[in-house]
Amino acid sequence: LISLMSFELSLCSLICISSGIHLTGDYPVITYNLAGRVICFFMVIVAVGVVAIPSGIIAGSFAEIVQSKARARSGKRPARGNIGDDWYDIQYAALEGIPPPFSALGLEFDIWQQNVNDFLNGKENTTRQAKWTPAASAFRKFMLTLIIVNIVSVVLQSIPEIDRYIGNEHSNFFNVLEGISAIFFATEYLLRLLSAPKSRAALYSTTVYATTFFGLVDFVSAAPWFIRQYLLFTGAIELGSNSARLFRVFRVARILEIEGFVIAFSKLDNVFRASKEILKATGLMALIIWIICGSLFFIFEENNPNWRECDSSIPPWGNDAIPGCYDFATTAACNEVYPEMCKQEAFTDIPNSLYYTAVFLVGEWGLVDFTWPGRLVCMFLCVAGIGLYAIPTGALFDSFGAIIGMGGDD
């Protein structure tokens, strides 16, 4: 009975995955009977009529929110209740013209907090635009470069050939880079925490900064390395183990910090300019989804036996005396028994996973036999892929129509 229930659950999940993939417009399976073909035809109508409508609504709403934020950046803050105004916007507007509170630790610490805040977040000029000193600007560029270098190193480190060439010792290049980067990210995070009472963007509150999106991103950028070092020191995990590798992949989260370096919104004066900030935002969102989902596919599907190929002399399934190709939990374990005779075809490293994820994001599914966690990522992409790529298209048409309408009858 338990075996039958497990089979039905697995079959149900496979049907849900296939249905979600069909709704993205891709049909890896088309050999249906008459009833199945009727359902497929109905799904084509549903995909266009149901899925596309919410995507268009999301695109229009996203465009309005971005334009509202653009007006706020230019100094024309919208009235309360406008699109894009939430609790934070209302609280931020209420602090206009109100100086930050004095520190309870004295005047010298108060001045230090203000100087640190101006260094990290810039100092507003008469036009309410943040301006950085040459040193602060150089620091921002350095941190941006460090973020990009970390993302590239995570990708390269997942390629066994490159990782072996640079070295797998405890003090190899990747480990040193990760340690130095974690120290810089942790230092910046602590400075932002201490100077938050002087930052209007943090509502003059350390707690608000620590619980905002960027505060959480700053924390996640540094904390995993220190947690990993503690677990290694206590012997809870071993260097080179899958658990230790998982902490390394957490560095991908640092890509979220790039958003803080992008000046997202500017004046809209033609179709492209009216949409370019939306395209920037959606492009960054696409990049984030692409890299994170690609990394998750790598973690979940790296040893999926469905992507494993073995020498013809190895049976697919074995017995107690002779194990088969699919009996091993990992491809590495298969190669230990059958040296150089087992090979993983897909999701072998992050670049390989990014390739497949890019294909998935446009609605093409060449691979569908995922593990359970991989199926969850697949279902997310089925929803996110359509909405993600509908936003820039909808924004372009929305801006085009708005600009054409400005011309009146002319």
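# Briefing: a predicted helix-rich chain

Of the 410 residues in the protein chain, 37% count as buried. The model is predicted. The chain holds 14 helices and 4 strands. Take contacts between residues at least 6 apart in sequence: 64% of them join residues at least 24 apart. The chain exposes about 23,500 Å². Carbon and sulfur atoms supply 67% of that area.

**Helix α4**

- Helix α4 covers residues 107-121.
- Its 15 residues should span 21 Å at 1.5 Å a residue, and the end C-alpha atoms are 21 Å apart, so the two values agree.
- Six names make up its buried set: Asp-110, Gln-113, Val-116, Asn-117, Asp-118 and Leu-120.
- An α-helix has 3.6 residues a turn, so residues three or four places apart point the same way.
- The buried residues of α4 pack against β1 (123-124), α5 (134-157) and α7 (173-195).
- Gly-122 follows just after α4 and takes a positive phi of about 80 degrees.

**Helix α5 and Asn-150**

- Helix α5 has 24 residues.
- From first C-alpha to last, α5 reaches 34 Å, close to the 34 Å expected at 1.5 Å a residue.
- The buried residues of α5 include Ala-136, Arg-140, Met-143, Leu-146, Ile-147 and Asn-150.
- Further along α5, Ile-151, Ser-153, Val-154, Val-155 and Gln-157 are also buried.
- Asn-150 sits in α5.
- Its relative accessible area is 0%, so Asn-150 counts as buried, the cut-off being under 20%.
- A polar atom of the Asn-150 side chain lies 2.8 Å from the backbone oxygen of Leu-146.
- Leaving aside residues up to four places away in sequence, Asn-150 touches Ser-181, Phe-185, Arg-251 and Arg-254.

**Positive phi outside glycine**

- Most residues other than glycine have a negative phi.
- Leu-203 is not a glycine, yet has a positive phi of about 55 degrees.
- Leu-203 lies in the loop between α7 and α8 (206-211).
- At 14% relative accessibility, Leu-203 counts as buried, because the cut-off is under 20%.
- Phe-347 is not a glycine either, and has a positive phi of about 60 degrees.
- Phe-347 lies in the loop between β4 (342-344) and α13 (350-361).
- Phe-347 is buried, with a relative accessible area of 0%.

**A nonpolar surface patch**

- A nonpolar patch of about 590 Å² lies on the surface.
- Its residues are Phe-219, Val-220, Leu-246, Phe-250, Ile-292, Leu-296, Ile-299 and Phe-300.
- Two elements, α9 (213-234) and α11 (271-301), give two or more residues to the patch.
- Helix α11 provides the largest share, 4 residues.
- Phe-250 of the patch is found in the loop between α10 (242-249) and α11.
- Phe-250 has a relative accessible area of 39%, so it is partly exposed, a class that runs between the 20% and 50% cut-offs.

Note on methods
Residues are numbered from 1 along each chain as its sequence is written. This is a predicted model: local features need pLDDT of at least 70, side-chain atom pairs count only at pLDDT 80 or more; totals for chains, interfaces and linings use all residues. Side-chain values use heavy atoms; hydrogens and water are left out. The expected span of a helix is 1.5 Å times one less than its number of residues. Buried means under 20% relative accessible area, exposed over 50%, partly exposed in between (1.4 Å probe, protein chains only). Contact means heavy atoms within 4.5 Å. Patches are made of residues with over 30% relative accessible area and no salt bridge: like charges are joined within 9 Å, nonpolar side chains (Val, Leu, Ile, Met, Phe, Trp, Tyr) within 5 Å. Accessible areas come from the Shrake-Rupley method with a 1.4 Å probe; for residues, only the protein chains shown count as cover. A salt bridge is a side-chain nitrogen of Lys or Arg within 4 Å of a carboxyl oxygen of Asp or Glu. A polar contact is a pair of N or O atoms within 3.5 Å; within protein, one must be able to donate a hydrogen and the other to accept it, and residues adjacent in sequence count only if both atoms are side-chain atoms.
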